[in-house]
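Here's a quick tour of one protein chain, pitched for someone just starting out. Have a look at the picture before reading on.

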Amino acid sequence: MKTVGDRRLRPLVERVLAGQPPDAADAAALADLARGDGAQLLAAAWRVRERFFGRAVRMCSIAAGKLGGCGEDCAWCAQSHRSDTQQGPRTVRTPVEDVLAAARRTTQAGAAGRFGIVNSGRRPTDADIDAVIDALDRIGADGSCDVRLCASLGEITESQARRLAAAGLDRYHHNLETSREMFPHLVTGHTYDDRLATLAAARRGGLGLCCGGLFGLGESWEDRISLALTLGDQVRPDCVPLNFLQPIPGTAMENQPPLGPDECLTIIATFRLLLPTTDIKVAGGREFCLGDQQHRIFHAGATSCMTGGYLTTTGQSAAEDLKMVAEMGFNVVSELPPVD
Ligand code: SF4
């Protein structure tokens, strides 16, 4: 692995290791470096990751509570009614027994400490919230389930967040996806500020936050850095999931060229340096975009990953992920150690 030799990178890393978060000038320097020699960023990200998180790796898994039939037009999404996909035109609800079974399988697989229920749609109806609370109650009361509970249900209000928190929900997932500048080119039905308002409502309602982005949409390095700065300055989530576009036939992004492994690893390293003490999770597109390089995500700065597949695409099994993590010399933990 390369050493951190760049004259701008070395002092930046020393400041970050001493507990001083990067500033706007650091971010501009990182954008510049990311376009050039990504290997130096990876070396720097590893030093920061090792300092704050050691060799710990966390995993989570998800199950759909409601799939498809969404009235929004997010350009990448197979569940939008605008997409010509299997999931697009109609809504399919998962029976609560099946959600419970997925939570049990997550516990039995011994990999993921968190389990998330994910619904399509801009915002949940009262019936949707009731169904999720029923699932949370059933999972919480089931002796075979030992997972922290997360959900991703679209725009929620503070009172809905309070109901979910009272039912045992620990963390709410709602991505910003990209920069404020790029967002309206990809989504026209709702705004960046709508998403920020949901995150604020979930926080006020007592929930932790999982909020990140999707890369490979045609965004620039400035867009990526802008997203990281918004997350660090405004949202301050507990976890930042990084997704890499797997273009799905029938969506508006079906012809978008996928990112290669080196660019994905450089994105992970850049987010590690800009958000040094935040859990950085590699989620959708890991297997598709990184292929046989996916084992390198943890050395590039990731501290967690999704396991067992995604909503509309398949992924590596929990057993394969456990093997990969062990072979790389990392330890799977149910929660990351607190950062000192
Ligand atoms: S709101 Fe969610 S489910 Fe609907 S199109 Fe956008 S990403 Fe897909």
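In which helix is the place of Asp 193? Asp 193 sits in helix H7, which covers residues 192-204. Keep in mind that this is a predicted model.

**The whole chain**
- The chain holds eleven helices and eleven strands.
- For 340 residues, a compact globule would have a radius of gyration near 20 Å, and the chain's 19 Å agrees with that.
- If you lay the C-alpha trace along its principal axes, it spans about 55 × 45 × 40 Å.
- Half the story is on the inside: 50% of the 340 residues count as buried.
- Take the contacts with a separation of 6 or more: 78% of them link residues 24 or more positions apart.

**The nonpolar core**
- In soluble globular proteins, nonpolar side chains tend to be buried together.
- Here, the largest nonpolar core has 101 residues.
- Val 132, Leu 242, Ile 268, Phe 271 and Leu 273 have the most contacts inside that core.
- Leaving out residues up to four places away in sequence, Ile 268 touches Leu 242, Ile 280, Val 282, Ile 297, Ala 300, Gly 301 and Ala 302.

**Helix H3**
- Helix H3 runs over residues 38-53, so its 16 residues should span 22 Å at 1.5 Å a residue. Its end C-alpha atoms are 22 Å apart, which agrees.
- The buried residues of H3 include Leu 41, Leu 42, Val 48, Phe 52 and Phe 53, and Gln 40 and Arg 49 are on that list too.
- What covers those buried residues? Among the elements doing the job are helix H1 (9-17), helix H2 (24-34), strand S1 (56-67) and helix H9 (261-274).
- Just after H3 comes Gly 54, with a positive phi of about 60°.

**Around the ligand**
- Which residues are around the ligand? They are Cys 70, Glu 72, Cys 74, Cys 77, Gln 79, Ser 80, Ser 120, Gly 121, Arg 122 and Gly 154.
- Sorted by class, that shell has three nonpolar, five polar and two charged residues.

**Two non-glycines with a positive phi**
- Glu 177 isn't a glycine, yet it has a positive phi of about 75°. You'll find Glu 177 in the loop between strand S5 (171-173) and H7.
- Is Glu 177 buried or exposed? Glu 177 is buried, because 23 other C-beta atoms lie within 10 Å and 20 or more is what it takes.
- Arg 236 isn't a glycine either, and its positive phi is about 50°. Its loop lies between helix H8 (221-235) and strand S8 (239-244).
- With 13 other C-beta atoms within 10 Å, Arg 236 is partly exposed.

**Asp 193 and Arg 163**
- Back to Asp 193: why is it exposed? Asp 193 has 10 other C-beta atoms within 10 Å, and a residue with 12 or fewer counts as exposed.
- Asp 193 and Gly 301 are 108 residues apart along the chain, and their C-alpha atoms are separated by 29 Å.
- Arg 163 belongs to helix H6, residues 158-166. Arg 163 counts as partly exposed because it has 19 C-beta neighbours inside 10 Å.
- Not counting residues up to four places away in sequence, Arg 163 touches Ile 129 and Ile 133.
- Between the C-alpha atoms of Arg 163 and Leu 214 there are 29 Å, with the two residues 51 residues apart along the chain.

Definitions and conventions. Residues are numbered from 1 along each chain as its sequence is written. This is a predicted model: local features need pLDDT of at least 70, side-chain atom pairs count only at pLDDT 80 or more; totals for chains, interfaces and linings use all residues. Helices (H or I, at least four residues) and strands (E, at least two) are DSSP runs, numbered from the N terminus. The expected span of a helix is 1.5 Å times one less than its number of residues. Two residues are in contact if their C-beta atoms, placed from the backbone, lie within 7 Å. A residue is near a molecule or strand if its C-beta atom, placed from the backbone, lies within 6 Å of it. Ala, Val, Leu, Ile, Met, Phe, Trp, Tyr, Cys and Pro count as nonpolar, Asp, Glu, Lys and Arg as charged, and the others, Gly among them, as polar. The radius of gyration is taken over C-alpha atoms; the globule rule is 2.2 Å times the number of residues to the power 0.38. A nonpolar core is a set of buried Ala, Val, Leu, Ile, Met, Phe, Trp, Tyr and Cys residues joined through C-beta atoms within 7 Å.
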